[in-house]
Amino acid sequence: MAEISAKAVKELRERTNAGMMDCKKALQATDGDMEKAIEWLRQKGLASAGKKAGRVAAEGLVDSYIHTGGRIGVLVEVNCETDFVARNQAFSELVRNIAMQIAACPNVEYVRVSDIPPEVVEKEKAIEMGKDDLAGKPENIREKIVVGRIEKRLKEMSLVDQAYIKDQNKSVEDLVKEAIAQLGENIQIRRFSRYVLGEGIEKSSEE
């Protein structure tokens, strides 16, 4: 099997708008041949998923998931373009799987990195800049280290950047793109709420 470079995967992603893991799989399946990889993605409907992302998605479902034991609950809204797709079994399964993903990811607070408020980003940056292991390092080196750490931290807070719990080889973003390719409509995770039993309740020492 041909060695697949990150540069080739990036180029294929830019040319097709397919997910990173799908691009890697396509290149592996075609021994690194870029044109054949594009055709491979088109045959599976993955190359067109990104093009649908700009279309208005105002239908969809609000679904809930209560984890076993009743200590964690999730509400999530996922949008699609038509009521027809909203009633589709595959779409319902997607929404349920996303709700389960949220329940399994305690660090996730936002749908995507771009949703994270600037003040939260600045707060995380200040925390990293103040860490002891950076003391004494030149300012430019500290800045580079902090940028890398911040990127990693923000992705930990972003739902679409998480590895899918049922298949660690793809992200939640890849999961959604596969559904777009399958159902032929723009699909967007709009918002979610995660509830943890007793969260925010202060208990006295006597309790």
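This short talk goes through the overall layout of one predicted chain, then a pair of helices, and then two single residues.

Before we start, please keep in mind that the model is predicted, so that local features need pLDDT of at least 70 and side-chain atom pairs count only at pLDDT 80 or more, while totals for chains, interfaces and linings use all residues. Residues are numbered from 1 along each chain as its sequence is written, and side-chain values use heavy atoms, with hydrogens and water left out.

Let us begin with the whole chain. Its secondary structure comes to eight helices and five strands, where helices (H or I, at least four residues) and strands (E, at least two) are DSSP runs numbered from the N terminus. Read from the N terminus on, the elements run α-α-α-β-β-α-α-α-α-β-β-α-β. The C-alpha trace spans about 65 × 50 × 30 Å along its principal axes, and of the 207 residues, 38% count as buried, a word that stands for under 20% relative accessible area, with exposed meaning over 50% and partly exposed in between (1.4 Å probe, protein chains only).

Now to the helix pair. In general, two packed helices are described by the angle between their axes and the distance between the axes. Here the axes of helix H1 (residues 6-16) and helix H2 (residues 20-29) come within 9 Å and cross at roughly 110°; such axes are lines fitted to C-alpha atoms, for helices over the stretch in contact, and angles run from 0 to 180 degrees between N-to-C directions. On the H1 side the contact, meaning heavy atoms within 4.5 Å, is made by Ala8, Val9, Leu12, Arg13 and Thr16, and on the H2 side by Met20, Cys23, Lys24, Ala26 and Leu27.

Let us turn to single residues, and ask first: is Glu77 buried or exposed? Glu77, which lies in strand E2 (residues 72-80), is buried, with a relative accessible area of 12%. Its side chain makes a polar contact with the side chain of Asn79 (3.0 Å), and a polar contact is a pair of N or O atoms within 3.5 Å, where within protein one must be able to donate a hydrogen and the other to accept it, and residues adjacent in sequence count only if both atoms are side-chain atoms. Not counting residues up to four places away in sequence, Glu77 touches Leu61, Val62, Gln188, Ile189, Arg190 and Arg191.

Finally, Gln182 has its place in helix H8 (residues 172-183) and counts as exposed at 60% relative accessibility.
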